[in-house]
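User: Hi! Could you walk me through the aromatic rings in this one?
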Amino acid sequence: MALFYMHGVPIGYVAILLALVASMGGFIFGYDTGQISDILLMNDFKLRFATCGIPGDPETCHFSTTRSGLIVSLLSIGTLVGALCGAPIADFLGRRYAMVSECVIFIVGVIIQISSTTSWVQFAMGRWVSGLGVGALSAAVPMYQAETAPARLRGTLTATYQLFITFGILVAYCISIGTRHMSGAGSWRTVVGIGLIWPFILMTGIVFMPESPRWLAMRGRFDQVRHSLARSHGIKNEDTDPFLHAKLEEIRSNVEHERSVRAGWVTCFRPANKTLYRTLLGMTLQMFQQLTGANYFFYYGATIFQSVGLSDSYVTQIILGAVNFGCTFGGLYVMQRFGRRIPLMVGGVWQSCWLFVFAAAGTAKDPTTNPGIGKLMIVSACMFILGYAMTWAPGVWILIGETFPTRTRAKQAALSTASNWLWNFLLAFFTPFITSAIEFRYGFVFAACNLAGAVIVFFFLYESSDLSLESVDLMYNDPACKPWTSRKWAPPGYSSRYDLVQQTKAAEANKPLASAGGVDENHIEKADSNTPLNGSTPGTASGMSSSAEKAFGSVV
């Protein structure tokens, strides 16, 4: 049975569970990201892999800019390749078994890292192999969540991926502070080795979750599509159920339309149906998520705070991670309540302001000799992370799952995620060079990028909250709809999205529909017959009018 109802749509416990289980892919991502900042400062790691002035004295050991950049950034090169490979793997094996295979690759990478003794190249290549798995997971997980979750909860459930990224970062910080004083290689090998636990949790849990109904429909397995929908919504799998029938027919009609258009990698770059537009939009949003500057703190946070003059930069790193994790809970509410466009625009401006403060303070005075300046910079960093965790961090991953049409979703998601990892690599590798040249003025660069991101969102991003994936595709192809007016757009037959939600409630109760927006039922029936949504066939199913059927299909 349904766990609860949201605006008339049944939500099953499996929908919540699958989001949490799949989000372990985000935890793996976050844990691998968070651990390296502290590992670079551990004495045994420096003795083994850094250049030492006096053998055996870690105080004289230092990583060259190139070596530290490669150790940190080779993970990103692996994730870039993995993200591009993730699309064909997810399409061939299915979303669930793709994640299982990608976990195996990650495990191999971890084993290579912990078996390193004196070769930093081996450790870096282990991070590259792990990156292959992380990158493929970063493409598969948000896509699986978006395709399987009910539309009314899609934003919140997909955002759990980002929540688990922040949780993984925080856990890595906490484990690192607990192992830093261990003697020998155990200080860093424990941190890396614990990373083997997380993929086993994901591999075990995901096989018990339902497969993506959209992927099953592309394979013609419509009985399994109905079963998957029934499980995620917590209702009985019955042929006569009007809710399942409406949703199944919407998916079927959309997939049949997609099959009529052959789709390959080249299709992602064709202007028709705004496919190229959405490919470039997804890649640009992922680029600007990196250019917010968040990973400047996550990758090199311990080193940054050490340069500010703090005696224990590990503790400050944990504080930053805790702010990131705690505020992401707020992000779940913000993205569900306010949609996608407004949070990203407000977040871009907020983040820019605090980065200006951070950079200006560090440039005006030496933070190592002015404790007040150092504290101001830490506060600025925390306030920046607060805004990022509630807006750009979860928002972009949600959009990658819901912006693209079914026939090219896996490939466009892979290209967008690859853009994220490309810029992740560029920032991770070149940050040591840039900071050595311009120091804290680097913050001004990120501040400008945050403002540019807000402008891009206003002029190019469509508001996709509360709509089914099929309706999102229809919205992007409506010539009368513009990004700045898209919040008011609703599928044919509805005067507004509020009207759509109200009709869904009535449809769930199987009552005659009264349009909240002043559109009567006869008008809706006429709209159904003249402008069917995504090719839906007007008619009735189990005593349910086509209007009721559409109400389900457009919201779920």
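Analyst: Happy to; we will go through ring pairs, burial and charges over rings.
Analyst: This is a predicted model, where local features need pLDDT of at least 70 and side-chain atom pairs count only at pLDDT 80 or more, while totals for chains, interfaces and linings use all residues. Residues are numbered from 1 along each chain as its sequence is written, and side-chain values use heavy atoms, leaving out hydrogens and water.

User: How many aromatic pairs are there in the whole structure?
Analyst: The search finds 35. Rings of Phe, Tyr and Trp (its six-membered ring) pair if their centres lie within 6.5 Å; planes under 30 degrees apart count as stacked, over 60 as edge-to-face and the rest as tilted.

User: What kind of pair do Tyr-296 and Phe-358 make?
Analyst: Their planes are at 85 degrees, with centres 6.5 Å apart, so the pair is edge-to-face. Tyr-296 is in helix α14 and Phe-358 in helix α16, 62 residues apart, so the pair links distant parts of the chain (helices are DSSP runs of H or I, at least four residues, numbered from the N terminus).

User: Is Phe-358 buried or exposed?
Analyst: Phe-358 is buried, at 1% relative accessibility; buried means under 20% relative accessible area (1.4 Å probe, protein chains only).

User: And what about Phe-425 and Phe-429, what type is that pair?
Analyst: That one is stacked, because the planes are at 15 degrees and the centres 5.9 Å apart.

User: New topic: which residue lies over the face of Tyr-277?
Analyst: Lys-274 does, at 4.6 Å from the ring centre. A charge counts as over a ring if NZ of Lys or CZ of Arg is within 6 Å of the ring centre and within 35 degrees of the ring normal.

Conventions:
Helices (H or I, at least four residues) and strands (E, at least two) are DSSP runs, numbered from the N terminus. Buried means under 20% relative accessible area, exposed over 50%, partly exposed in between (1.4 Å probe, protein chains only).
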